[in-house]
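Please prepare a short briefing on the cysteines, the nonpolar cores and one loop position of the structure shown here.

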Amino acid sequence: MATSPSRTYRAACPNCGAPVDFASAASASAVCSFCRSTLLRDGESLKRIGVQAELFDDHSPLQLQASGRYQGAAFTLVGRLQVRYQGGSWNEWHALFDNGKSGWLSEDNGRYVMAFDAPAPADAPALADLAVGEIRTVGGSTWSVASVTQAALHAAQGELPGAPRPAGTAFAVADLRNERAEVATLDYGSTPPGWSVGRSVRLVDLGLSGLREDSEKTLSGRSLNCPSCGASVEVKLASTQSVVCGQCDAVVQIAPDTGAALSHYRQETGLPPQIPLGSTGRLLLGDPLHGADTLPWQVVGYVERCEIPDDPEDERVFWREYLLYHPREGFAFLVDAEDGWSWTAAITGAPQVRGDMAAWQGRQHTKLYSYTGQVTHVLGEFYWKVERGQRTVNTDYESGDWRLNREQAGDEVTWSAGRTLSAQTVVQAFGLKPGQAPALARDATPFTSGSASGLKTVVVILVVMLLVVLLMSRCGSDDCDGVRQTFGANSSEYQQCQRNQRGSGGFRTGGGSFGGFSSGGGGHK
């Protein structure tokens, strides 16, 4: 464990008398671990300036006194801020380095960022001048404005470099991102605004020790009653903001601290996922050149989406996304689109876009198409609030088998990056039965006549075809997309379906947002 050379200061809490330690002589405040009093250093004594709310247990793998190394320097997590916004919450962990420097290890769309405070640039824009999606020059660098949101401190813990703002006090925060994979934050809760710049980090690369034993971020025995049908609904991930009732398919919004239902809505029955919820598959999601490993990823959510064409007479395109989770890596998506499979995950920075080209990680990606996507059906759990008919504006780019997606949902822009996968890779990773492979492969022959596995495949396909009608009705189009996705674009089944349609609409040969959903704003410090 990293140890600070200046861990010599200890004083008694003026409220309860418990000992309060300071790891750094430069730290300005701490929260008493016994009575939650907010304590400000006043010379050689402590002054009580308030009391903190109780932290809600989000089962983060991080905890106070966990230690690691970043760019060769040792640090220890000595403090924590728990922040809420409309879409949920995030943590900011005060990382105290052995050289006395302070940093912030915080959460960013299901992943992590190490950031450092700096003086606000002289050209920092006013809050009213910021617009999501615009390009800004701040501090001599070019940034893309990713989000502007309202947040509030819920609770603080441990030792902090400054006095925390009063709990519940609202403040605006803007996230800026650039092509160097950096994220900057403007905190408008002060004048001039607070400014920090950080980069994405993997917990495994930090060499952390002292993590929580239950670091899978799962909750045992946490459940609630569905407000729609009364059935018991189990919530497995503490970061869950929406969960679907397995009995009636109602989508239930969750309060992060109590698990109480805030609201819900009913949805129609959709197509069953081809990869069952709870399944675990070993996949390489990332670039091996950047330290990616083959890891076990668990399916925790399933989303069915369709494209909303500009012309109502055009054919709708459908695709499916599986939300994957790994306790150290966070979240990723497995996309099942009409042109095949791919994986994708949110990135910290923002590619540089010039015309129809987007540059990222040394690759030039060419624009494929822009489209509006709409949620038609969901199952499982999600770290964002799933709204009925939720729409996003997407733009897809490609560079060989690499993919980029820009997605805007409300006042947040999220970039995701990923790569194509073969259907066989998906089958092998999740240990699916051989009879399921034809339904996953876009151009595969549906079945071999006379074989037992072929007969099982026929049954599966017939069931899927019956449910396709439900899928098409939710996007207002009686098309053949489901048949084409099941049997292949060159199959006789698909061609027959087209002949039976009234007229013929066009369709994209691509598909999939390659980016899932935005987290709803905020993201991290």
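C226 is buried, at 4% relative accessibility, where buried means under 20% relative accessible area, exposed over 50% and partly exposed in between (1.4 Å probe, protein chains only). This is a predicted model, in which local features need pLDDT of at least 70 and side-chain atom pairs count only at pLDDT 80 or more, while totals for chains, interfaces and linings use all residues. Residues are numbered from 1 along each chain as its sequence is written, and side-chain values use heavy atoms, with hydrogens and water left out.

**Cysteines**
- The closest cysteine sulfur to that of C226 belongs to C248 and lies 3.7 Å away, too far for a bond, given that a disulfide is a pair of cysteine sulfur atoms within 2.5 Å.
- C35 is likewise buried, with a relative accessible area of 19%, and its sulfur is 3.7 Å from the closest cysteine sulfur, in C13, which is too far for a bond.
- Across the whole structure, the search finds zero disulfides.

**Nonpolar cores**
- The largest nonpolar core (buried Ala, Val, Leu, Ile, Met, Phe, Trp, Tyr and Cys residues joined through side-chain atoms within 4.5 Å) has 48 residues, and those with the most contacts inside it are I275, L324, L334, W341 and F430.
- A second, separate core has 17 residues, among them Y70, L77, V201 and L206.
- Leaving aside residues up to four places away in sequence, L334 touches several residues, including I275, R320, W341, V426 and F430, where contact means heavy atoms within 4.5 Å.

**Loop position**
- G17 is partly exposed, at 47% relative accessibility, and its C-alpha is 9.3 Å from that of F34, with the two residues 17 apart in sequence.
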